[in-house]
Amino acid sequence: LQLVLTSPLVRASHTAQLLVAGIGGKPRLDTLDALAPGGRMSQVLDAIAKSSKRYQHIAIVGHEPDLGDLTSRLLRARGTI
């Protein structure tokens with residue numbers, strides 16, 4: 001894991017910090033406001049696309065139902081984002 005994108009909300013941020021602490025290699029941790037509940041999906045997808053040019057393995061910490069919707073979109077995607 002090389003990058004963790006997290007919602008700015010406290011609970012998600014704490015979860016992301018625990019994930020980073022438990023992963024070897026010290027992945028980068030970035031807060032993405034669009035991962036907050038009701039955030040703009042297009043901004044999340046843009047951030048993933050931009051980050052995927054530099055990082056091969058990205059984790060995302062956010063909230064339901066938004067993460068479920070994001071997962072659904074990503075699984076339907078063809079090729080790389």
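Where does Glu64 lie? In this predicted model, Glu64 sits in the loop that runs between β3 (58-61) and α3 (66-76). Its relative accessibility comes out at 59%, so Glu64 counts as exposed. The side chain of Glu64 still finds a partner: one of its polar atoms lies 3.2 Å from the backbone nitrogen of Gly68. As for Gly38, 26 residues separate it from Glu64 in sequence, while the C-alpha atoms of the two are 9.7 Å apart in space.

Next comes helix α2, which spans residues 41-52. With its 12 residues, α2 reaches 16 Å from first C-alpha to last, close to the 16 Å expected at 1.5 Å a residue. Its buried residues are Met41, Val44, Ala47, Ile48 and Ser51. These cover an arc of only 125 degrees around the axis, so they end up on the same side of α2. Turn to the other side of α2, and Asp46 and Lys50 are exposed. As for what covers the buried residues of α2, the list includes β1 (3-6), β3 and α3.

Ser51, a member of helix α2, is worth a separate look. Ser51 has a relative accessibility of 13%, and because buried means under 20%, it counts as buried. Within the helix, the Ser51 side chain reaches the backbone oxygen of Ala47 at 2.8 Å. Leaving aside residues up to four places away in sequence, Ser51 touches Leu3, Leu5 and Ile58. So the two residues picked out here fall into opposite classes: Glu64 is exposed at 59%, whereas Ser51 is buried at 13%.

Notes:
Residues are numbered from 1 along each chain as its sequence is written. This is a predicted model: local features need pLDDT of at least 70, side-chain atom pairs count only at pLDDT 80 or more; totals for chains, interfaces and linings use all residues. Side-chain values use heavy atoms; hydrogens and water are left out. Helices (H or I, at least four residues) and strands (E, at least two) are DSSP runs, numbered from the N terminus. Buried means under 20% relative accessible area, exposed over 50%, partly exposed in between (1.4 Å probe, protein chains only). A polar contact is a pair of N or O atoms within 3.5 Å; within protein, one must be able to donate a hydrogen and the other to accept it, and residues adjacent in sequence count only if both atoms are side-chain atoms. Contact means heavy atoms within 4.5 Å. The expected span of a helix is 1.5 Å times one less than its number of residues. The arc is that of the directions from the helix axis to the C-beta atoms.
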